[in-house]
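Look at the sequence and the model first. The questions below go through parts of the fold in turn.

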Amino acid sequence: MDTNLNLAVLIDGDNIPSAYIGEMIEEITKYGNPTIKRIYGDWTRPGLKKWKNLLLENAITPIQQYGYTTGKNATDSAMIIDAMDILYSEKVHGFCLVSSDSDFTRLATRLREAGKLVIGIGEKKTPNPFVVACDKFVYIEILKKQTQKSKESSISVDTIGAKEIALISSTINDISDEDGWAFLGDVGGLIQKKQPSFDSRNYGFEKLTPLIKATGKFEIEQRDNSKSRYKLIYVRNL
């Protein structure tokens, strides 16, 4: 993925806990340069006061949105309107929508229809329609840094279910050569298109390679790369 892309980061302050902001910004920089960073909410509410210092530290612009009508989410409307204004300004290559609210499903779809990259970040309670509407969706629970990081070898492969194994297996079959081998980079890319929320970190692994090894269901082969000192990794079904 091109990390030189300019991204607009729009955060739903009503639906995202402030404790995750540092990890979220760090994650976003893996996909591009966050040139626009805004967070939406009613800043007169006591519950949003804990955001104040974090916004200054991360150069995020707070957008005030009063709740004019009971039962209506004015924050969502303001965020959607701003997203469309930014889209038509043609200043960014993609958007990062930070929310666990399914109300942004149509927005994500519309931005992708316009040819923009859409990264979603939200809690695991996020409704699936919003998740699959994004090119990539990251659960913020996996971004939270732990005091002592668990080693990959200590993660039980039981956390990887039959559904995940079937997804990997079918993806390998989709792009494999006559001998059944598929380049792991292409496998990971296609899995992401099929299931935007798939992330090896959800299962306790930093990368896809150790996750695949842990299942015991696939054969892995390293091949020399004439263009780099790093070897190419290929996989196939056993």
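Q: Which strands does helix α6 lie across, and at about what angle does it run to β9?
A: The model is predicted: local features need pLDDT of at least 70, side-chain atom pairs count only at pLDDT 80 or more, and totals for chains, interfaces and linings use all residues. Residues are numbered from 1 along each chain as its sequence is written, and side-chain values use heavy atoms, with hydrogens and water left out. Helices (H or I, at least four residues) and strands (E, at least two) are DSSP runs, numbered from the N terminus, and angles run from 0 to 180 degrees between the N-to-C directions of axes, which are lines fitted to C-alpha atoms, for helices over the stretch in contact (heavy atoms within 4.5 Å). Helix α6, residues 162-175, lies across β7, β8 and β9, and its angle to β9 is about 105 degrees.

Q: Which strands stand at the edges of the open sheet, and why is one side of each left without a neighbour?
A: Two strands pair if DSSP finds at least two bridges between them. The order in this open sheet is β7-β9-β8, with antiparallel pairing. Each edge strand has a single partner strand, so one side lacks a neighbour in the sheet; these strands are β7 (182-183) and β8 (218-223).

Q: Over how many bridges do β8 and β9 pair?
A: Strand β9 covers residues 232-237. Glu219 stands opposite Arg236 in β9. The antiparallel pairing of β8 and β9 runs over six bridges.

Q: Within what arc do the buried residues of α4 fall?
A: Buried means under 20% relative accessible area (1.4 Å probe, protein chains only). In helix α4, residues 105-113, the buried residues are Thr105, Leu107, Ala108 and Leu111. They line one face of the helix, because the directions from the helix axis to their C-beta atoms fall within an arc of 165 degrees.

Notes. Buried means under 20% relative accessible area, exposed over 50%, partly exposed in between (1.4 Å probe, protein chains only).
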